[in-house]
Amino acid sequence: MLAAAGRGERLGSDRPKAFAKLRERPLLAESLERLEGSDWIDEIVIVAPPGWEEPSILVAEELGCAKVSACVAGGETRAESVRAGVAEVGDEAAVIAVHDAARPVLPGEVLERVLTALNEGWDGAVPAVSVADTIKRVDGERVVETLPRDDLRAVQTPQAFVADVLRRALTGSDWTDCAAAVEAGGGRVKAVDGDPRLVKITDPIDLDRVAGLL
């Protein structure tokens with residue numbers, strides 16, 4: 001499932017983030033092309049910005065993405081968008097991977113790592129990278145705690161889950177990370193090696209950074 005419903009307000013664009021230009025192509029095209037070309041992916045469901053379903057399908061058609069099975073509108077929150085997308089995934093799917101279109105550089109080896117982890121008996125797997133900065137917990141303006149950096153990881157997408165486990169987890173309250181929903185339901189999630197190229201685009205500077213990685 002490709003989550004592409006973000007508004008992208010910090011990009012300062014007149015269009016949703018998935019349609020921001022990345023080397024003269026919509027941002028959505030980069031992730032779509034990589035998922036289409038992966039032997040690990042059988043079906044792609046696009047969760048598009050509301051009102052942008054048809055343009056999303058047109059991008060997929062222009063790229064020749066035969067694996068795209070559905071395109072649905074996202075919701076007000078990430079949780080609503082993921083629920084809408086997962087509802088379109090066929091019941092026969094044993095595994096569901098969720099990737100953000102905002103992370104357009106998707107190394108195939110990362111996708112392989114999260115999916116392979118499910119064969120080891122885990123309910124889910126997420127790519128994670130070490131945290132370079134010291135992290136502090138702050139209450140208002142007051143620092144109340146310095147967290148041990150060795151135990152912390154920054155989590156990326158794609159995240160992969162046993163399909164039935166993810167479907168059950170999505171019935172819970174809102175969350176910003178699919179793994180958090182699975183963890184809240186008692187699921188076991190493995191952290192695998194992420195990749196520094198999985199930059200999340202949030203502002204125009206990020207677009208320039210990612211363009212340099214392509």
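A residue is called buried here when its relative accessible area is under 20%. The model described below is predicted.

**Overall build**

The chain contains seven helices and 12 strands. Its radius of gyration is 17 Å, close to the 17 Å that the globule rule gives for 214 residues, so the chain is as compact as a globular protein of that length. Along the principal axes, the C-alpha atoms occupy a box of roughly 50 × 40 × 30 Å. Of the 214 residues, 48% are buried. The exposed surface of the chain amounts to about 11000 Å², and carbon and sulfur atoms supply 46% of that area. Among contacts between residues at least 6 apart in sequence, 72% join residues at least 24 apart.

**Helix H3 and its cover**

Helix H3 spans residues 78-86, and its buried residues are Ala 79, Ser 81, Val 82, Gly 85 and Val 86. These residues lie on the same side of H3, because they cover an arc of only 160 degrees around the axis. As a general matter, an α-helix has 3.6 residues a turn, so residues three or four places apart point the same way.

Which elements cover the buried residues of H3? Both strands and helices take part: the cover includes strands E4 (44-48), E5 (68-73) and E6 (95-100), together with helices H5 (163-169) and H6 (178-184).

**Asp 100, Arg 78 and Arg 103**

A salt bridge connects the side chains of Asp 100 and Arg 78, with an N to O distance of 2.7 Å. This pair links distant parts of the chain, since Asp 100 belongs to strand E6 and Arg 78 to helix H3, 22 residues apart. Asp 100 is buried, at 8% relative accessible area, whereas Arg 78 is partly exposed, at 24%.

Asp 100 is also the nearest side chain of opposite charge to Arg 103, at 4.2 Å. The salt-bridge rule requires a nitrogen within 4 Å of a carboxyl oxygen, so a separation of that length does not qualify. Arg 103 is therefore buried yet without a salt bridge. Arg 103 sits in the loop between E6 and helix H4 (108-117). What does Arg 103 contact, leaving aside its neighbours within four places in sequence? Its contacts are Ser 31, Val 155, Gln 156, Thr 157, Leu 198, Val 199 and Lys 200.

**Salt bridges**

The chain has nine salt bridges in total. Three of them are set out in the table, each with its N to O distance.

| Acidic partner | Basic partner | Distance |
|---|---|---|
| Glu 33 | Arg 25 | 3.1 Å |
| Asp 100 | Arg 78 | 2.7 Å |
| Glu 145 | Arg 137 | 3.0 Å |

In the bridge between Glu 33 and Arg 25, Glu 33 is partly exposed, with a relative accessible area of 37%. Arg 25 likewise counts as partly exposed, at 26% relative accessibility.

For the bridge between Glu 145 and Arg 137, the relative accessibility of Glu 145 is 35%, which counts as partly exposed. Arg 137 is partly exposed as well, at 45%. Elsewhere, Arg 25, Glu 30, Glu 33 and Arg 34 are joined into one network by salt bridges that share partners.

How values were computed
Residues are numbered from 1 along each chain as its sequence is written. This is a predicted model: local features need pLDDT of at least 70, side-chain atom pairs count only at pLDDT 80 or more; totals for chains, interfaces and linings use all residues. Side-chain values use heavy atoms; hydrogens and water are left out. Buried means under 20% relative accessible area, exposed over 50%, partly exposed in between (1.4 Å probe, protein chains only). Helices (H or I, at least four residues) and strands (E, at least two) are DSSP runs, numbered from the N terminus. The arc is that of the directions from the helix axis to the C-beta atoms. Contact means heavy atoms within 4.5 Å. Lys and Arg count as positive and Asp and Glu as negative; His and the chain ends are not counted. The radius of gyration is taken over C-alpha atoms; the globule rule is 2.2 Å times the number of residues to the power 0.38. Accessible areas come from the Shrake-Rupley method with a 1.4 Å probe; for residues, only the protein chains shown count as cover.
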